[in-house]
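Please look through the structure shown below, beginning with the protein and the nucleic acid beside it. The report that follows describes selected parts of it in turn.

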Number of protein chains: 2
Amino acid sequence: MKRADVLDVAMHAYWEEGPDAVSLNAICQKAEVSKPSVYREFGNEDGLTCAVLETYTEVVLAKMQAVLDGPGSFAWKIDEVARLAAEDALHTHGCLWVKMRAVKPQLGERTQGLVDLIQEATLAAFTRVLTEAQASGEWQGGIAVPLAAQYLHAQIGLALDMRGRGEDPRDVLAMALSVFRGNTASGR
Amino acid sequence: MKRADVLDVAMHAYWEEGPDAVSLNAICQKAEVSKPSVYREFGNEDGLTCAVLETYTEVVLAKMQAVLDGPGSFAWKIDEVARLAAEDALHTHGCLWVKMRAVKPQLGERTQGLVDLIQEATLAAFTRVLTEAQASGEWQGGIAVPLAAQYLHAQIGLALDMRGRGEDPRDVLAMALSVFRGNTASGR
DNA sequence: ATTTTTTGATACCGATTGGTACGAATAAAC
DNA sequence: GTTTATTCGTACCAATCGGTATCAAAAAAT
């Protein structure tokens, strides 16, 4: 029954201190569980980080997906996703997925695979939104959808990276996303 | 006389494998020097990473500064810096400074300070270029200079980060920098 | 109630980390 | 040529890493 506790402790530790800065020993200590228990439950460190990233995806990234796949205009979705990334308290310490991607080569193979998978899922979600917006005429910037999706993904990632470093990404993100609005927006 | 050798070996190791993925032991091995020699020359690990980052700044980042502070139109400088970041073989593995910034909390205090210093110097260089361009009328986008400088810095950093991950940043960077040209450029 | 199975943690493993004590070898001074 | 000073590297240090063998306690099954 401790599984959820361990996942929660590990998630926050990885999230706040960086995945490569937290040892498995430290997690056991913080979660007040023995190391063999963790190994019995998750197999190895890769299994733990993998499970943590899965949990994170369900808890946090699902909010992004919900915005993108839910109702609302194209403009609103862009604004809302930007707001989630750049302002929401949820990402005060940045995004765990972004941090994991940053140290991907040092993660286990399963976790690396999951990082890639999430990247593809996110890109797919952006692609869906853009395709819809183009079809409904809400957006037409003369930009190919795959490029626009990659661009959106990169800029959201940049904003989350900046938050992880303690910088305020709002102005930069607003400026970057202004290409979707046709004007050059003057910040917050 | 081995100082230069060690710095070279360490720089490339940090650069290609990531600063936190290379141990001091590994560097001694690769450079074929004893560990006490390294400690005699650099004091501790922080001293080594610091010296490496200094070398990197002189060797690599100086090229960026030269472009920004040298002659040439505003548009050319932007293009050239973008080309250096996104296409030049020099940054095939990304940028060592960007990689150090990404793991800043895990670096020694001196190295952390140097990372910040380089950030400020780079931002200052962008600010100078933008102020000049605004004064000469080469650029007026209704964007405040500090924000534009921060934006340029962030986007160049993003491009270098993408290269470090093996992605091609050219289209994304071109799109991001299009706000400085007034059109929405259609890629490479 | 006894046996079996599962859960738990202590205490260890070899490897590697950043860092150093100390003796051998070399260079400088006399 | 002998002595002094300095460079240099082997061999070590404690701490920590991811991972596990092993044994005690609790739960389940019989």
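In this predicted model, a polar side-chain atom of Y39(A) lies 3.0 Å from a phosphate oxygen of DNA strand D. Two further residues of chain A reach phosphate oxygens of DNA strand D: L24(A) does so with a backbone N or O atom at 3.0 Å, and N25(A) with an N or O atom of its side chain at 3.2 Å. The elements that contribute two or more residues to the surface near DNA strand D are α2 (24-31) and α3 (35-42) of chain A, together with α3 (35-42) of chain B.

The full surroundings of DNA strand D draw on both protein chains: chain A supplies S23(A), L24(A), N25(A), K35(A), P36(A), Y39(A), N44(A) and E45(A), while chain B supplies S34(B), P36(B), S37(B) and R40(B). Sorted by class, this surface has four nonpolar, five polar and three charged residues. Of the atoms of DNA strand D within 4 Å of the protein, 48% belong to sugar or phosphate, and the rest belong to bases.

DNA strand C has its own set of surrounding residues, with S34(A), P36(A), S37(A) and R40(A) from chain A and S23(B), L24(B), N25(B), K35(B), P36(B), Y39(B), N44(B) and E45(B) from chain B. Some of the contacts here involve bases: an N or O atom in the side chain of R40(A) is 2.5 Å from a base nitrogen of DNA strand C, and a polar side-chain atom of K35(B) lies 2.3 Å from a base oxygen of that strand. The side chain of S34(A), by contrast, places an N or O atom 3.2 Å from a phosphate oxygen of DNA strand C. The elements giving two or more residues to the surface near DNA strand C are α3 of chain A together with α2 (24-31) and α3 of chain B.

By class, the surface near DNA strand C has four nonpolar, five polar and three charged residues. Of the atoms of DNA strand C within 4 Å of the protein, 45% belong to sugar or phosphate, with the rest belonging to bases. The table gathers the polar contacts named above.

| Residue | DNA strand and atom | Distance |
|---|---|---|
| L24(A), backbone N or O | D, phosphate oxygen | 3.0 Å |
| N25(A), side-chain N or O | D, phosphate oxygen | 3.2 Å |
| Y39(A), polar side-chain atom | D, phosphate oxygen | 3.0 Å |
| S34(A), side-chain N or O | C, phosphate oxygen | 3.2 Å |
| R40(A), side-chain N or O | C, base nitrogen | 2.5 Å |
| K35(B), polar side-chain atom | C, base oxygen | 2.3 Å |

How are the two protein chains related to each other? Two copies of a chain are related by a rotation about an axis and a shift along it. Here, chain A can be laid on chain B with an RMSD of 0.0 Å by a turn of 180° and a shift of 0.0 Å along the axis. That is the relation of a two-fold axis. Because 100% of the interface residues of chain A are also interface residues in chain B, the copies meet through the same surface.

Taken by itself, chain A contains nine helices and zero strands, and its C-alpha atoms fill a box of roughly 55 × 30 × 30 Å along the principal axes. Of the 188 residues of chain A, 48% count as buried. Among the contacts in chain A with a separation of 6 or more, 62% come from residues 24 or more positions apart.

One pair of residues illustrates such links across the sequence. The search of the whole structure finds 10 aromatic pairs over all chains, and one of them joins W139(A) and F180(A) in a tilted arrangement, 5.8 Å centre to centre with 55° between the planes. W139(A) lies in the loop between α7 (109-135) and α8 (145-164) of chain A and F180(A) in the segment after α9 (170-177), so the pair ties together parts that are 41 residues apart in sequence. Both W139(A) and F180(A) are buried, and they form one aromatic cluster with F74(A) and Y151(A).

A further residue of chain A, H91(A), sits in the loop between α5 (74-86) and α6 (96-102). Is H91(A) buried or exposed? With a relative accessibility of 2%, H91(A) counts as buried. The side chain of H91(A) reaches the backbone oxygen of L84(A) at 3.1 Å. Leaving aside residues up to four places away in sequence, H91(A) touches Y56(A), V60(A), M64(A), L84(A), A85(A), L160(A) and R163(A).

Key
Residues are numbered from 1 along each chain as its sequence is written. Chains are lettered from A and ligands numbered from 1 in the order in which they are written. This is a predicted model: local features need pLDDT of at least 70, side-chain atom pairs count only at pLDDT 80 or more; totals for chains, interfaces and linings use all residues. Side-chain values use heavy atoms; hydrogens and water are left out. A residue is near a molecule or strand if one of its heavy atoms lies within 4 Å of it. A polar contact is a pair of N or O atoms within 3.5 Å; within protein, one must be able to donate a hydrogen and the other to accept it, and residues adjacent in sequence count only if both atoms are side-chain atoms. Helices (H or I, at least four residues) and strands (E, at least two) are DSSP runs, numbered from the N terminus. Ala, Val, Leu, Ile, Met, Phe, Trp, Tyr, Cys and Pro count as nonpolar, Asp, Glu, Lys and Arg as charged, and the others, Gly among them, as polar. Buried means under 20% relative accessible area, exposed over 50%, partly exposed in between (1.4 Å probe, protein chains only). Contact means heavy atoms within 4.5 Å. Copies are superposed by least squares on the C-alpha atoms of residues with pLDDT of at least 70 in both. Rings of Phe, Tyr and Trp (its six-membered ring) pair if their centres lie within 6.5 Å; planes under 30 degrees apart count as stacked, over 60 as edge-to-face and the rest as tilted.
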